[in-house]
Amino acid sequence: MPGSGLILGIETSCDETAAAIVERGARTISSVVASQIATHARYGGVVPELASREHLRAIVPVVRTALTEAHLTLADLDAVAVTSGPGLAGALLVGITYAKALAFANHLPLIAVNHLEGHIHAVLLNDRESANEVGAPGPDFGTWDRTNLNPKPALALVVSGGHTHLYLARPMHGTWSYTLIGRTVDDAAGEAFDKVAKLLGLGYPGGPWIDALAKYGDPNAVPFSFAQIKTKAHLGGKPARTKAARTAPIARLDPHFLFSFSGIKTAVLRYVELHGMRAEAKARVSRVLANFRPPQTRQEALALCPQPTLDLIASFQHAVIGDLMKKTFAAAESLGAARILVTGGVAANRELRARFTGEADRRGLRIAYPTLALSTDNAAMIAAAAWPRLLARDFAPPDLTADPSLTLS
Ligand code: KG4
Ligand code: ZN
């Protein structure tokens, strides 16, 4: 049985270098995130080589700050947890190599965490933190489970820059088991936000810009639509090329729970070209780079984008969220999920939270999101997901390496 229950989590799967210390998967002692946005912004997306270099620069000070802010030393810890995939290979390797060295030098067990499971545990960490605040029984994972707070399966929508995945998550023997229910067949929803933002000359990452501007546009101005996905047509009889596609073949999933966001991105591109919005978008790039913060008022929004562009942005966001909602609620209903968890960077979106919450209320379903800080990549979710593994003594092998296409199921 662990002593202190303190786990140091390390996360370097994409463009945030993060370290956090979480006690018993239920109390965040410190959480530090060093963002690389400024490095990647001028390219309009993450440049993998630059991401690895920035992680190398940041990892030591970020871990040190997490320990200092927690008033702890490495000797106080019970384990080191690190994201082993999915993500960028070079970026993951920086975190894994450093975590291995720390664990070895300090005689601590190393726990490998799937990044997607981390996103799901961001919501569960919030649950346990609020349960602690109201004095509900124990921060211990097992006790928490026995409190009956969440005994039935939950449907988790992980919606980020790299993923749009639906899982059925079941508590099982003090830990969780996951079944993949649906996923995107091409772009992730966050990727669509990022690509549409880039196309319109907005900042990186695109989600927060579109979120901020959409509220000043008409969401029904451009009627975007999503076609029903036909899995056989999509696969075209070709063998799966990636490990993810082999281990979670799309053909085995219910097509009603599959997403596709590359079509709407192309539709926005066509709309921009057809309505002569290209030059205006190009002119915006330098203004956005100089300003570096999404508009906060209608006046600021209109100074950056004319009304037809705001209408296009609002329509795009409305359509993407409508599609996420339709499939998530259909899956929750058909699988009898007691609760919906929405997590990942796109879960920070204001329209998404408002509409998902409204729909859940209408259907009498419970719904939860992480706090805004825990929605995007962080290491507290990695340390929290590692707690049941520490209890189960499920440690990483000494030859742990990065698995860029690691699946969760
Ligand atoms: O979870 P995350 O930090 O990293 C990945 O695991 O991908 O998610 C980043 C993604 C980006 O695509 C970003 O544009 C999107 O989350 N995002 C948002 C918002 N904040 C971040 N998308 C929509 N609305 C937001 N407010
Ligand atoms: Zn993520």
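This report covers a zinc site and a five-stranded sheet in a predicted model.

## Zinc site

The zinc ion (ligand 2) has three protein donor residues: His115 and His119, each through NE2, and Asp377 through OD. These donors lie 2.0 to 2.1 Å from the ion. Along the sequence, the spacing of the donor residues is H-x3-H-x257-D.

The four donor atoms of the zinc ion (ligand 2) make angles of 96 to 138°. The site is classed as irregular, because a tetrahedral assignment requires all angles to lie between 85 and 135 degrees. For four tetrahedral donors, the ideal angle is 109.5 degrees.

## The histidine pair

Both histidines belong to helix α4, which spans residues 115–133. Histidine 115 and histidine 119 are four residues apart there, so about one helical turn separates them. Histidine 115 and histidine 119 are both buried.

## Sheet

Five strands form an open sheet in the order β3-β2-β1-β4-β5, and the pairing is mixed. The edges are occupied by β3 (27–35) and β5 (110–114); each has a single partner strand, so one side of each lacks a neighbour in the sheet. On average, neighbouring strands are turned by 20° against each other, with direction ignored.

Strand β2 (residues 16–23) runs antiparallel to β3, and eight bridges join the two. Alanine 18 has valine 33 in β3 as its bridge partner.

## Helix on the sheet

Helix α3 (residues 89–105) packs on this sheet and touches β1 (6–11), β4 (79–85) and β5. The direction of helix α3 makes about 160° with that of β4.

Key. Residues numbered from 1 in each chain as written. Chains lettered and ligands numbered in written order. Predicted model: local features only at pLDDT ≥ 70, side-chain atom pairs only at ≥ 80, totals over all residues. Heavy atoms only, no water. Donors = N, O, S within 2.8 Å, 3.2 Å for Na, K, Ca; no water. Tetrahedral: all angles 85-135°; square planar, octahedral: opposite > 155°, others 65-115°. Buried < 20%, exposed > 50% of the residue type's maximum accessible area, 1.4 Å probe, protein only. Pairing = 2+ DSSP bridges. Axes fitted to C-alpha atoms, helices over the stretch in contact; angles between N-to-C directions. Contact = heavy atoms within 4.5 Å.
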